[in-house]
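Open the model in your viewer and keep the selection panel at hand. We will go stop by stop.

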Amino acid sequence: MTEEQTPEEHAPLNGRSSTGESRERVSVTAVAHGKINLHLGVSDLREDGYHDLHSVFQSVSLKEQVRLVEVASGEEETMTVAGHDAHLVPTDRSNLAWRAVEAVQQLVFDAGAEVAPVSVHIDKGVPVAGGMAGGSADAAAALVAAVEFYFHRHPASNHLPAPSQQQQHAIASGLGADVPFCVLGGTALGVGRGDELASVMAGGQFHWALATDKRGLSTPKVFAQLDKQREQSSQGMRPDVRAGDTAELMRALISGDPEQLAPTLINDLQAPAISLMPSLRATLLAAKKAGALAAIVSGSGPTVAMLCRDAEHAVDVATTVSVEGKASATTTCSSPAGAARLLDGHDETSSHS
Ligand code: C5P
């Protein structure tokens, strides 16, 4: 899809600079990528409702684009969402991108400067509620864009010292456990809630076919289902299978060889995701039948990530699974991708894939 410029960007700004001159609206765009968990080990429930994780994240080429556009005082601040399944995304203040912008606005306010009102425009390329951190990527892109907007660009606040990396990390992790990884990108080991990150060496590019399911799955419900299954295990009603260590995975990542990576993929949330959405079993089987090297539920699901030999193989696998009717939609992507970053006026929305 081609990005549409928002109408207010062309309208003159009523606001005037401190010198009394009228000026162009400040507008900043950033992108952040979705992720796949190559390894997701989940420990027992903590008292704060979270679980300690041992997660190896890799960012994927699917991405979210967030644009902040200054609105004149008196104009309404709005949020618009375009792209994949845009209608499923809330546009009120519960949206994580809004919350990221508000956290940065709070810093500006606390520093005693005027907080310029903005509208937020999101262009989605990551499946909604798919276990690929689409909402977290919105928050990461909005955070990067808002820091640039207020601390480097807007004349009312660009004299303020920008928040440190630590401050930005604290904001990101307060927004959600996956947001810090969406800011960092690449390949990383995440511990704690998944927000304590260390970059990991990885060679080459991996190629994936993705089977999405438009029904989505709720992340808290999938974690709760895992707790329930573990409770059943403790009563001897089912085996307690948990992801082991990541030594083989780390070696495979350095080799860049998908055949070596395939047997190391593991996700403790896969069994609970399947029990909440049993049709995932058929999707995983269809992926294997279609020749994927490995197939795994991504994060809390329901997206199924199918590891392939190369980009062409990924298209073949995606097409076969799609023809079998085992997914709402299929697409392909590669990994790893990069960090959340600013766009200098370049439109990247047409390269979602
Ligand atoms: O941090 P975020 O809002 O993305 O997490 C959503 C939910 O996922 C949490 O409320 C919690 O139920 C579950 N979660 C968890 N342990 C983690 C990350 C998320 O239990 N490390």
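The tour begins with the ligand and ends with backbone details.

This is a predicted model, in which local features need pLDDT of at least 70 and side-chain atom pairs count only at pLDDT 80 or more, while totals for chains, interfaces and linings use all residues. Residues are numbered from 1 along each chain as its sequence is written, and side-chain values use heavy atoms, with hydrogens and water left out.

**Stop 1: the ligand and its shell**

Select the ligand. Then add Gly-49, Tyr-50, His-51, Leu-53, Gly-176, Ala-177, Arg-193, Thr-219, Pro-220 and Phe-223, which surround the ligand (a residue is near a molecule if one of its heavy atoms lies within 4 Å of it). Color the shell by class: five residues are nonpolar, four polar and one charged. Here Ala, Val, Leu, Ile, Met, Phe, Trp, Tyr, Cys and Pro count as nonpolar, Asp, Glu, Lys and Arg as charged, and the others, Gly among them, as polar.

**Stop 2: polar contacts**

Show N and O pairs within 3.5 Å, the cut-off for a polar contact. Start at Tyr-50: an N or O atom of its side chain is 2.8 Å from a ligand oxygen. Move to Gly-49, where a backbone N or O atom lies 3.5 Å from an oxygen of the ligand. Now pick Arg-193; one of its polar backbone atoms is 2.9 Å from a ligand nitrogen. How much of the ligand does the protein bury? Alone, the ligand exposes 450 Å², and the protein buries 76% of that (Shrake-Rupley areas, 1.4 Å probe).

**Stop 3: where the shell comes from**

Switch to cartoon. Strand S2 (51–70) and helix H6 (219–234) each give the shell at least two residues. H6 supplies the largest share, three residues. Helices (H or I, at least four residues) and strands (E, at least two) are DSSP runs, numbered from the N terminus. Next, color domain 1 (27–200) and domain 2 (208–335): each contributes at least three residues to the shell. The bounds come from an automatic or database domain assignment.

**Stop 4: backbone details**

Select Gly-301 and Pro-302. A cis peptide bond joins them, with omega about 5°. Pro-302 is in the loop between strands S9 (294–297) and S10 (304–308).

Go on to Ser-335 and Pro-336. This pair is also joined by a cis peptide bond, with omega about -5°. Pro-336 is in the loop between strands S11 (329–335) and S12 (341–343).

Finish at Ala-129, a residue other than glycine with a positive phi, near 50°. Look for Ala-129 in the loop between strand S4 (118–124) and helix H3 (134–153).

Note on methods: A polar contact is a pair of N or O atoms within 3.5 Å; within protein, one must be able to donate a hydrogen and the other to accept it, and residues adjacent in sequence count only if both atoms are side-chain atoms.
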